Amino acid sequence: MPVPTNNSPKSKSPSISDSVQSPTMETAGTTHEDSHITQGSAAKESMILVQVNRGETFTIQSENSVHCIEGPAQVPMVSPNGSIPPIQVPRGYFSHVIEDPGGPRRIVVTRENQLIHFPRPVRVPPTVHLMPTMSHIPHIPGTCYNIMQQTGIPGNPLTFVHPPHNHSNVPSPHGTFTYTAPDALNSGDPTRQHATTPPHWLSSSDQSSSGSLSSASPGSAGDSPRSARDMCRGASARDVAAHHHTGNSVNLWDSDSGLNAAVGQRQDTRRGPAFSPNRTAQPESVFDLRKYLSAISKPEVTNVAPRSASLRWSLQYSAAVERKLTVTYELHLGSKTKGGDKFVMVESGNSEATELKDLKPGVEYLAKVLAEANTIKGAFSEVATFRTLSCPPSAPVAPKSTHRTKSSLTLKWHAPNDNGEKISKYFLEWDEGGNGDGFRSLYADSHKQFKLDKLRPSQSYTFRLRCQNAMGVSPWSPEVKYQTSGAPPPAPDPPVLAKSFVQSLHLRWDTDRQGHSKDVKFALEMDDGKDYGFRAVYDGCDRNHTVAGLRKSCPYRFRLRAYNDDGKSGFSPPVCFHTSPDKPSPPGKVTLRGKAQPTHFKVSWGEPVDNGGANIDEYILEFCLNKGDQMEQLYRGHDKEFTVTNACPGSTYRLRVFCVSQGGTSMPSEVGVVPVPPVAPGQCMPPWTPSKPGPSIVHLQWGPPAYDGGSPISQYQVALLRDNAEAQTVFQGDKLCCSVPNLKPGKCYQFAVRAANKAGAGQWSEFFDSVTGPAAPEAPHEVQTEHVTSKTVNVSWKKPHDNGSAITKYIVQYGAQESTMNCHETVTALNCTVHHLSPNFLYFFRVQCENDVGKSKFSEVLSVMTAPSCPGCVSKVRQIDVPPEQDAEAEYSYPGAATSAFIKWDKPSEHGAVITGYHVEVSASKSSKDKSGDKTNLLATGPELSCRIKDLAPDKEYRVRVRAINDVGVGQYSPMFTISTQPLPPDPPLLECIPSCSSLKLRWNSNDDEFKLQMMDRHGRFVTVYSGPSKSHRIPKLEEKTEYFFRISAQNEAGEGPFSEAYHFSTTTSQPPPLKSAPTISVRETTAIISWESVGTVKGDRVSYALNIKSSDSADVRQAVTDETDYLIRDMEPGVEYAVQIAIVRHARVTSGKGSDKARSDLTQADEPDQETENESATSQEQPIRDSVTEVYEDVTGPFGAWTNFKSAVPEMTASMPRRDAEAPPGKVSAVCDQVKAIIRDERMTPAFLMMSFFVLAFISAYLVQSLVD
C-alpha cells in the first residue's frame, strides 16, 4: 500500500491504496475519463514527488478531518508496488508524470499548453481538523481532486477537496461543501467542527429551514471575503462575525469564526439568564464560579512577527470586579506536529494580554487560555490558530569536505532552517590564499554539493557559505579551511623515555629534525614480549603519550611512524624500556583476638598478598572512633599484633593498617571494627500527653535519658498500670512517642517509661496519670438467625455496653461475600427480618450500633444458607468443533460434520439440588428453505454439559435451547441458539502459468478463502511454497529451460480440499546480451572489414554472430551469420552509404527433467541435513543417463545493436586505367564462395540444406562463367 511520507516534523500523512479505480475529473456534475496509469505487479517500491508551486493550495478532506497544503513544497509519496495514485482534475487541466532517470518521478497538474500558477486561495476554516501535509494538486476555485483510499470499508474514500473561492460579486459556478456532524457543533471541541457551505442552487427559504445555522450564498453582494492568510491565522470570532455577518446569515467559508458565532448564539439561548452579560448579580448561593471562568473569549492574535506575536483575551462577564475575585490566566501554546497537537503552558498571570517571544518563523501555532480563581479552574477557551511570518533562513553549517585529491576538493553541505520559505539558492565563496582576506564567488545554485578542479597540491583554501529564500539572504556560515593532498611525511626518530612508572611508560618524540608539520599524525606500536608482535597503542597528533596497563618491572619494545592524509612513512628503529617496581598490596584486615574488655583489647593482621618485589620494612596501625573522622596513628613497627589499652567503654574502634617497603607505602587494609561493651543507660523523665486523651486511646511523649551508657539507645519501653494491678508493657520501640489504644472511656491510667541499649534496660521513670474520655458503644454480641426460608432470614442480637451514651439505632449489613457486604437495614429494635434473598445461597450478616459519639465496631460475621429450589436458567449455549482425536463418536473430519453438530453449554445454578439431567430441544431454523425438518425434537441427556445432535441435514441451520432438571423441579429454557452444519471441502482450482527464463508466475481463479501451492523437489516429494489468500504466486530463482511440477489445493470454512493432479511447467531460455561496444569498420575501395569484441560463451553455450547490412541505394537488408569476430563485405558500390548492426546468437543446449537440483535444494534445505551426500549420489546415478541423451540445440538471437553507418571509398578514375565491367564477375564469385564456406563451417546446417547450397553455388558459377565468355 503506497504511504505518502514527508520529512517535515509537521507532516502526518494517511495511506493511499495501490488498487484504485481510474481517475476522473469532476466539474459541475460532468465526469471525464482520464488515462489509467498502472504498473506491473512485480514493480518495486518507488518514490513519487508531487510538485506544489507558489500560490497553490491543496486541501485533503477525509471522514473526520480536512487539511490544507500551501506551496511552494515538494511532498514525497512512497509506493511499494510502483503505481501512481489517480488524481481527479477539472476540465481544461491535466496531470503530468515527469520521469527522472536519476531520481524519483514527479506529478504536476497544469493547464493545457502552459503551467498554471493561481493566487493563494482561501484555506479551510481553522475549526476543521487539519491533517498534516500530503500530496499536492493546484487549487482551482470550486474544484475538488480525489485520491481514493482502500480503507477496508466500502464507500469510504479519502477525498482531496478545494473549497470554492468567493470572489467579489462573482458567483461560484458550483459549490463544494463538506458535511458537518450535528454533535460536532455542540461538543465544543474545535477539532471536530467542519465548515459547511450550502449549494448555490438552494433558495433563501431552503437555507433557513435546513438547520439552525444559515449560510449566505457565495456570490451574495454582502460577501466581503478575507484573505486565506488572515483566516488561517486565527482571527477572533467577534471580528469575523462583524466582517461577514449580514442579517441572520453567516458566510461559513470565509472563516471558522462565522460558524463559531452562530454556535455561540445558539448556546447563549440555552444557557439562560445566568450567562447573560447584562444580568444583575445573583446571591452567593447561586453563583457558579466554574461556569463564569469557562466563559472566556478566544485569544485574539495581533502583531504577528517571525519570532513573536501578541495575544489578548477577556472574560465575558464582570463578576470578577463585583465579587473582587483574583483571576489567574494560564496560556497554553501548541504547534502542528507529526504526533498531533500538543499544548504546553507557557505563561501564567493576572494579565489579559501577553507577548510571545522566541517563536519559530513560518510555524503554525495553536493557543488557548484557561482562567482560575479560588483554586477553581474553568474550561479552556476556543483554540486560536496563527502562523508566524517567514524570514530569511538561518546561517548554514560550514561545508564539509567529502573527497579530496592533489588537484580537486569536493564540498557538501546540509540545508539550514528555512524559517518558513523554501531555500532557493546557495552562495559558496572561497579564498585561494587561505587567510580569509580575499573571498570571491565560487558557486551559486540550488544544489548542495560542489567539486573544485585544477587546484594546487598541498594548498589550503578557505570557504564560507550562505543561502537565500524568498525573504532574503542568511548570514555567512563559519569559515572553514581545507587542504589538497600532498606527499607523505618522512620517517621519525625512535621515541624517548620521559618517565617510567609501575604500570605505564611516558614516551615522547622530537619531530623538528624531520620537519613534520602540525597536521601530521603519529602511530606508536608496542611489543610486550608475548609472541604477538608489535601492536598499535597510540594514534594521534600529540608528540608524547603515556602507555598504561603494563606489568611491573617488565621490558617493552616500541617503534614509531608518521602519516598524514597523503600517506604513511616507514617505522623508526625499535627501542626497549622497562617499567618501575610496584608498591606492596594492602595487608590483611585487622581482627580482634580474644574477647574485648571495657578498657583494653588485642588486635592482629596478616601479611600482604603481593610485596611488590621487596621485603616489608614496617607496619603502621591507625584508628578512629567514628566513621568519617580523621585516622590517628596508634602503632608503627615490625610486629603484626598490638594490644590497645585505655579503651573508652561503649565505644567502637575502627582500625586499619599500612605496610611500607622500598616500592612505597601500600594502600590501607580493610577497616576492622572492634566494639567495646557498653553499660545500661540512665533514668528517663516521666512521660506526658501532647494532646487531649481520646475515649479509648492516649498519646504519650517523652525525652531521652541524660546518659546513654556508651551505646545508642536501642529501644524504649512504656508500662501501663491500671486499677493498682501489675504493670503491663504496652510499647517497645526506638521512637520518643507512642499511642496506647484499647482503653476504656472515662478511666484513669498510670504510665512509666525506661530506655535500653545493648547492655540492658535502665530504671523506670516516675508514673504519669492520664484520664480517658467518652467513646462509641461496644459491638453487638450473641448475633443469631431465626426462621430461615428460601427468601427471608430473621437476625437478632443482644444490647451491648453504650460507653456513657445511649444507643440510637442498629445497622444490619449482609452480602454474598464476607469482604463485600454492601446491603444494609436500619432498625431500633434488637432484631431485623431481611427479605428478597436468593434460594440455596450463602449469606453473611453483621450488626453495628451507633450513639451520639459515633459508631461501634461490627459484630462477628454470621453465615446463613437459604433453602434450595429449582435449577436456574442455562445462560449460554454454543456450538464447538471437536478434533477427531478428542471425539470418539465423530463420523467426519475436522473442523465439522455435515450430518451432526456438537453443542456445549454453561452449567446453571443448582439452587441447592444436584442437576440430574438436561432437556435439549432442536427445531429447524425459520430462515431455512427446506421445511422437511420443521418438527421439534426433544432430547434428554445426563448431567454432562455437552451433547451431539445427529441425523441433521448438511449445510443447514437449526434452533436449539436447553433447560436443567433436579430433584426439586424443572428449570427455565435457555434463549434460542442457532447452529449450522458444515458443507463439503472445495475442489482444487485450475492452475495457469506465465513462464520466464528465471521464474514461473502461477495464477488460479477461485472464490475460496485460502490456497496451498506445492512444488516437487529433487526427491520427488511435494513441498509447500505458498499458503495464503492470494490468487497468484511467483516462484523466483529458477533455472532456465527446466521443467517443474506443481499441485494446488483450496480451503474454506468447511476445511481443506484435496490436491489437484500434478501440473508441469517449463522456464524459457534467456536471450544473450547485446554487444557492449560498437563494431570497428575498415573501409577500402570495394570491400569493408567489420570487426567487433568477442563474447566467448553465454552461460556455457557457444555463440555466433548475426549481421544486418543495408545500403542507401537499396531498401533490402542483407543478413549474414558467422562464428568469427570479423566479417568481410565485398563488391561495395563506391561512394554509397552503408549501415551494419550486429546481434549475438546463442546456441542453447535443450534438456528436460523434473526441475533443477539447485532450485529444488533451496526449497528443501531445512528438511535435508545430509543434502551434500545425497546430491553426490544423485549426480553419480544420473551421469550415465545424461551421457546417453543426444544433445539438441536451440538458437536464441539477442537484441541487435545500433546501426553503424559508413561510406565506401570513391576510386580515382584515370584515362590510362579505365575500369572494365569484366572484372566484376570474379569478385562476385569470390564473395559467393566466402558465403558458402561460412555456411559449411556452421555446424547447425543439416545435410539437406548443404546439398541445396551446393546446387545453388553450381548454378551461380555456371552463370558467371557464361557471362565471362560472352
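This report describes confidence, strand pairing, ring contacts and two loop residues in one protein model.

The model is predicted, with local features requiring pLDDT of at least 70 and side-chain atom pairs counted only at pLDDT 80 or more, while totals for chains, interfaces and linings use all residues. Residues are numbered from 1 along each chain as its sequence is written, and side-chain values use heavy atoms, with hydrogens and water left out.

The mean pLDDT (the predictor's confidence in each residue, from 0 to 100) is 74 for the protein, and 70% of its residues reach 70 or more. The pLDDT is below 50 over residues 1-44, a stretch that has 127 contacts (heavy atoms within 4.5 Å) beyond near neighbours in sequence. Residues 1214-1228 also have pLDDT below 50, with eight such contacts in the model. Where pLDDT is low, the predicted coordinates should not be read in detail.

Strands here are DSSP runs of E with at least two residues, numbered from the N terminus, and two of them pair if DSSP finds at least two bridges between them. Strand 13 (residues 309-312) pairs with strand 16 in the antiparallel sense over four bridges, and A309 has L356 of strand 16 as its bridge partner. Within strand 16 (residues 353-356), T354 and L356 point to one face and are buried (under 20% relative accessible area, with a 1.4 Å probe and protein chains only), whereas A353 and E355 point to the other face and are not buried.

An open sheet of three strands follows the order 20-21-24 with antiparallel pairing. Its edge strands, strand 20 (400-404) and strand 24 (449-452), each pair on one side only. Four bridges join strand 20 to strand 21 (residues 409-412), where S401 has L411 as its bridge partner.

Rings of Phe, Tyr and Trp (its six-membered ring) pair if their centres lie within 6.5 Å, and the count by this rule comes to 28 aromatic pairs. Such pairs link W413, Y426, Y443 and F450 into a cluster. A charge sits over a ring if NZ of Lys or CZ of Arg is within 6 Å of the ring centre and within 35 degrees of the ring normal; K368 lies over the face of F380 at 4.2 Å from the ring centre, and the charged end of R464 sits over the ring of W476, 4.2 Å from its centre.

Two residues other than glycine have positive phi values, as tabulated here.

| Residue | Phi | Loop |
|---|---|---|
| N840 | near 50 degrees | between strand 55 (831-834) and strand 56 (842-851) |
| H911 | near 55 degrees | between strand 59 (901-905) and strand 60 (915-924) |

How values were computed: Phe/Tyr/Trp six-rings, centres within 6.5 Å; stacked < 30°, edge-to-face > 60°. Buried < 20%, exposed > 50% of the residue type's maximum accessible area, 1.4 Å probe, protein only.
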